[in-house]
Amino acid sequence: MNSLIQCIYSSVATPGFEEHQIPGLLERARAANAALDVTGMLLYIEGSFFQILEGDPDVVDAVFLKIKADPRHSRVTTIVREPIFERSFGEWTMGFAVVGRKEACELIGENDFFASASCVAEMTAGRAKKLLSAFRMGRWRTEYTGRHPIRGRVA
């Protein structure tokens, strides 16, 4: 069995980043992830990013280092980096959704967690996994999945 890791992080978009830039960012990320056999998803929550990357540890770590160096992000914070037995988002090169703060609160079952602008940067591993589970099983399951071929399968 190949070793896999899951890296969950959050960051804040820098002032020059605009939401309309996301489709281009996703297209490039999905193509790169397909070539590297990296899977995952990205949430954009009112100026903050919340992302999970899954794959070979060396590859995921290299992708994450590029993300940390990207000038469109600030306050890049690792929430979880751990070994996994199987991928949670194995069929997605990069699932995606824009989520409002109110909806994000409903997803994790906390009324005011997303009330502040810094909430995503302060997310705990438990909240992060709850949000990921809601995303994986929720209405996005068939939307915005970023399907690209990954080594013989569509992801």
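These legends accompany close-up views of a predicted model.

**View 1. The open sheet and its strand order.**
Here we step back just enough to take in the sheet. Its five strands follow the order β4-β1-β3-β2-β5, the sheet is open, and the pairing is mixed. At the edges sit β4 (73-84) and β5 (95-98), each of which pairs on one side only. From one strand to the next, the twist averages 10°. Helix α1 (residues 22-36) lies across β2 (39-45) and β5, and it runs at about 165° to β5.

**View 2. Strand β1 beside strand β3.**
Strands β1 and β3 (residues 48-55) run antiparallel and are joined by eight bridges. To find your place along the pair, look for I5, whose bridge partner in β3 is G55.

**View 3. The surroundings of S11.**
S11 belongs to strand β1 (residues 4-13). Is this serine buried or exposed? With a relative accessible area of 1%, S11 is buried, because the cut-off for that label is under 20%. Leaving aside residues up to four places away in sequence, S11 touches S48, F49, H73, S74, R75 and V76. One of these neighbours, H73, deserves a second look: its side chain and that of S11 are joined by a polar contact of 2.6 Å.

**View 4. Strand β2, enclosed.**
How many of the seven residues of β2 are buried? The count is seven of the seven, so the strand is largely enclosed by the rest of the structure. The side chains can be sorted by direction: T39, M41, L43 and I45 point one way, while G40, L42 and Y44 point the other way, and all are buried.

**View 5. The two partners of β2.**
Toward β3, the pairing of β2 is antiparallel and extends over seven bridges. Within that pair, I45 stands opposite S48 of β3. The two strands form a hairpin with two residues between them, and E46 in the turn has a positive phi of about 45°. Toward β5, the picture changes: β2 and β5 run parallel, joined by four bridges. A handy landmark there is Y44, whose bridge partner in β5 is V98.

**View 6. Helix α2 and its buried face.**
Helix α2 (residues 57-69) has 13 residues and reaches 18 Å from its first C-alpha to its last, close to the 18 Å expected at 1.5 Å a residue. Its buried residues are P57, V60, V63, F64 and I67. Looking down the axis of α2, you will find these buried residues within an arc of 130°, so they line one face of the helix. A reminder helps in reading this pattern: an α-helix has 3.6 residues a turn, so residues three or four places apart point the same way. The buried residues of α2 pack against β1, α1, β3 and β4. Turned away from that buried side is a face carrying the exposed residues D58, L65, K66 and A69.

**View 7. The start of helix α2.**
Move now to the beginning of α2. There, a side-chain oxygen of D56 reaches to within 3.0 Å of the backbone nitrogen of D58.

**View 8. I84 in strand β4.**
Our last stop is I84, found in strand β4. I84 is buried, with a relative accessible area of 12%. Measuring C-alpha to C-alpha, I84 and E54 are 8.6 Å apart in space and 30 residues apart in sequence.

Note on methods. Residues are numbered from 1 along each chain as its sequence is written. This is a predicted model: local features need pLDDT of at least 70, side-chain atom pairs count only at pLDDT 80 or more; totals for chains, interfaces and linings use all residues. Side-chain values use heavy atoms; hydrogens and water are left out. Buried means under 20% relative accessible area, exposed over 50%, partly exposed in between (1.4 Å probe, protein chains only). A polar contact is a pair of N or O atoms within 3.5 Å; within protein, one must be able to donate a hydrogen and the other to accept it, and residues adjacent in sequence count only if both atoms are side-chain atoms. Contact means heavy atoms within 4.5 Å. Two strands pair if DSSP finds at least two bridges between them. Axes are lines fitted to C-alpha atoms, for helices over the stretch in contact, and angles run from 0 to 180 degrees between N-to-C directions. The expected span of a helix is 1.5 Å times one less than its number of residues. The arc is that of the directions from the helix axis to the C-beta atoms.
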